Amino acid sequence: MLEKYNFEEIEKKWQKKWDDENTFKVTEDPDKEKYYVLEMFPYPSGKLHMGHVRNYSIGDVLARYKRMKGFNVLHPMGYDSFGLPAENAAIKNGTPPADWTYSNMDEMTAQLKELGLSYDWDRIVATCKPDYYRWMQWIFVQFYKKGLAYKKDNPVNWCPSCQTVLANEQVVDGKCERCKSPVTKKSLSQWYFKITDYADRLLENLDKLPGWPEKVKTMQKNWIGKSHGAQITFKIDGFDKDMDIYTTRADTLFGVTYMVMAPEHPYLNELVAGTEYEAAVNEYVEKVQHMSDIDRTSTSNEKTGVFTGRYAINPINDKRVPIFISDYVLMGYGTGAIMAVPAHDTRDFDFAKKFDCEIIPVVDPGNPEIDLENLEEAFVAEGTMINSGFMDGMNNRDAITAMIKHVEAEGIGKETTNYKLRDWLISRQRYWGTPIPMIYCEDCGWNPEKEENLPVLLPEDVEFTGKGESPIATSKTFQNAVCPCCGKPATREIDTMDTFLDSSWYFLRYCDATNDKEAFNFDKVKYWMNVDQYIGGVEHAILHLMYARFFQMALYDMGYVSTEEPFENLLTQGMVTKGYTNENGEYLVAKMSKSIGNVVSPAEIISKYGADTARMFILFAAPPERELEWSDKGVEGSFRFINRVYRMVYDFAGAYKVGDGTYEIRNEGDKSLNYAMNYTIKKVADDIGDRFNFNTAISSIMELVNEMYKYKEGEINEALYGTAMKNLVIMLAPFIPHVTEEMWEHLQMDGSVHDQLWPEFDEKALVKDTVEIVVQINGKIKEKMNIAGDLSREEMQQVAMENEKVKALTEGKNVVKVIAVPNKLINIVVK
């Protein structure tokens, strides 16, 4: 008897065959319905982790299943291969970023192939290769020509010690992660994309994406942050500039008791220049420069601020109110200044209490528990207007409209719509990224490089010191350029693009990955797009998915693609977690992390159990959208199951042959197996194709295997048993592709199991002649009965009430009612 299958030998055998024969290569076929399944491509860090294995296994099951359902499936892979880690490796180890990245990509490609993933490797893309970033630069030029790219000054994180710009993630607790020096802000001229031009479409089109999780759509709506309100102008006492604020609650204007400016407000310096408050204000501004926006806007932080010595005039009642600066007001939203109504805003209330500002309630909620004369906390402004002049007695919702009309009539404000979404800052002062293809001429200003000269290649004569604005600035040749307009000597832009640009169109390049004449062919993209199923982590719900949608819309408007949205359906898979014991001896469960020591390496599992086992466990342990807790016992259980199936197929192949799929039902054992086989075919197809419930699909297959083991102990109908064996292997193929190829070969079947059509189920076989039901009395199970499978509720009740045991249990009692669930249960309620 076969002890266990040799996974190492089997997996290498079939991986080599798939590779040699380019098994998963695909081309456009107008006679077949297409299906485009895509997992978010990885950054090539060098090692796959279990999150990768889960993501890619989900996509691979779907791709293999859809092929078996007759679809023409595009399932590509590539690398999001520009980024900071390669540059840090160059600084630390002296390894050129390209060498580090290409080595990691080779290692990860080998690991992906070890997992048996059915990618069309001819379509591989790597964003760091010139044949990709040439077209990234071309897209930038099209955006520039369309008026979607522009340059302006913007503050960046600056480390005075390292003399370099830092990304937000390189600033830890206000300090440089490299040298721990305090980080300051520095103004730099940088490139932006006008994503705000698409704010309304990005918002409205979310309603056209029923295949997206609601939580992701809500996150995008909140990020866009569309709101309706008013812009109101406050004059500043003794100053020649006004102060504009944006508010969604114009009804609370009478409750304003102070104003707050962002520390970055453009005329703050002028406001305090030469006054006794200047030093304190400048000191506070310096302090805020070391804080992140997240820290500044945290509701749990103690409120801080400084009085500017100036007063604004409330335009509704001419009242003078003090102007402060505080970290919780940002320049990025609204106007960089707010009106504070402390009675009805928690942050404003806390600030007012600390700085002894007046608190005036202007809405009466009609709640006797709220003492309007002595407020202990802010409360929501919903109710009847008070302390509000001409609006007293109005409902506050009506008062919003009334106040907006009033400020417009008085010329002190206007109705307006605001967005939290800001234009996309795409400049990076980095080396390892796509060079921005722009040239500056003293006479002609900024202009794009001529398209025939693309790509603008990254220079290799650079130094990685960790200091200065960008390693590209150390190149002696890169900046020297010729103006594309007048032909005079000019200077090339040394910034590179945010790597989010590279991942905002890669799904289009996959449709035509080797095209050296254009970014992608319109007809090929029209055939393959949209992506039918996109799979990735929920951490990408906002930035990546928003940017990709923006790119698709912009390219659609320019006529380069035929659809407005890139991703028809979206699945956000859950994290892989593992239990661990912390330093206090507590058992906790957390996302796998090197820092807490609860990482399980895919390589370790593959070497011990094989890739098929790793795939099966990770697909069986939890539904894809939920967190998956790692279990060593679960992995061992998956390994045992595969061995169990392999032994059964091996034993069958030694004694029987698979027939042509025709068979007769001879006895109750045949009937039971036939039902189990057809039920499983239907259930697994529904679970994979409609619900992505891979765990329940595998569970159903396990039940079928149990039924087949039970069946082979009795009289075997070779034709039926062979059909069940064949269908079992086909159904397992998307989950465990290597061993099913081997089993298919054992069964002496032609071709590859992965080229087979998914089996059809027989509806008639799913109608049972008899079914087992339970009989409950007052909700407690008292009897089990076999009855005809097609009985009505009334007939079920009659059969149950005639059962001798039921008669005895209900004798002398009043039957209040009988609840019948066809083919499942009878519940008799008695008193």
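When I sort residues by class, I count Ala, Val, Leu, Ile, Met, Phe, Trp, Tyr, Cys and Pro as nonpolar, Asp, Glu, Lys and Arg as charged, and the others, Gly among them, as polar. Please keep in mind throughout that what we are looking at is a predicted model.

Let me begin with the empty spaces inside. Rolling a probe the size of a water molecule over the atoms shows where empty space is left. How many cavities of 30 Å³ or more does a search of the whole structure find? The search finds two, and I will take them in turn.

The largest cavity has a volume of about 90 Å³, and its lining is made up of 16 residues, with E87, T164, G466, K467 and P471 lying nearest the centre. If we apply the classes I gave at the start, the lining of this largest cavity consists of three nonpolar, seven polar and six charged residues. The second largest cavity has a volume of about 40 Å³, and the residues that line it are R296, S298, N301, E302, K303, D327 and Y328. Sorted in the manner just described, the lining of the second largest cavity holds one nonpolar, two polar and four charged residues.

From the cavities I turn to a pocket, namely the second largest one, whose volume is about 450 Å³. Its lining has 19 residues, and those nearest its centre are K671, S672, Y675, A676 and K768. Two elements, α19 (668-691) and α20, each give two or more residues to this lining. Which of them gives the most to the lining of the second largest pocket? The answer is α19, with eight residues. By class, the lining of this pocket divides into seven nonpolar, five polar and seven charged residues.

Since α19 and α20 have now been named together, let us look at how they pack. Their axes lie 9 Å apart, and the angle between them is about 165 degrees, which makes α19 roughly antiparallel to α20. The crossing in which α19 passes α20 is left-handed. On the α19 side, the residues in contact include D670, S672, L673, A676 and K683, while on the α20 side they include F694, T696, L704, E707 and Y711. The residues of this contact divide into 11 nonpolar, five polar and four charged.

Helix α20, which covers residues 694-711, also meets helix α17, residues 611-620, and there the two axes come within 7 Å and cross at roughly 115 degrees. The two helices α17 and α20 are therefore roughly perpendicular to each other. From α17 the contact takes M616, L619 and F620, and from α20 it takes F694, N695, I698, S699 and M702. Six of these residues are nonpolar and two are polar, with no charged residue among them.

A further pair is helix α18, residues 632-655, and helix α21, residues 718-732, which pack with their axes 11 Å apart at an angle of about 145 degrees. The crossing of α18 and α21 is left-handed. Here F641, V645, M648, V649 and F652 of α18 touch Y721, G722, M725, L728, V729 and L732 of α21. Sorted by class, this contact has 10 nonpolar residues, one polar residue and no charged residues.

Finally, I would like to point out some details of the backbone, which you can find in the loops. Where is P455? P455 sits in the loop between β22 (445-448) and β23 (480-482), and a cis peptide bond, with omega of about 5 degrees, joins L454 to P455. There is also a cis peptide bond between M529 and N530, again with omega of about 5 degrees, and N530 belongs to the loop between α14 (522-528) and β26 (533-537). The last residue I want to show you is D318, which has a positive phi of about 60 degrees although D318 is not a glycine. You will find D318 in the loop that runs between β13 (306-313) and β14 (320-325).

Conventions:
Residues are numbered from 1 along each chain as its sequence is written. This is a predicted model: local features need pLDDT of at least 70, side-chain atom pairs count only at pLDDT 80 or more; totals for chains, interfaces and linings use all residues. Side-chain values use heavy atoms; hydrogens and water are left out. Axes are lines fitted to C-alpha atoms, for helices over the stretch in contact, and angles run from 0 to 180 degrees between N-to-C directions. Helices (H or I, at least four residues) and strands (E, at least two) are DSSP runs, numbered from the N terminus. Angles under 35 degrees count as roughly parallel, over 145 as roughly antiparallel, 65 to 115 as roughly perpendicular and the rest as oblique. Contact means heavy atoms within 4.5 Å. On a 1 Å grid over the protein atoms alone, a cavity is a set of points where a 1.4 Å probe fits but cannot get out, and a pocket is an open set with protein on both sides within 12 Å along at least five of seven lines; lining residues have an atom within 4 Å of a point. Grid points are joined across faces, edges and corners, and a volume is the space filled by probe spheres set on the points. A crossing is left-handed if the near helix is turned anticlockwise from the far one by less than a right angle, and right-handed if clockwise.
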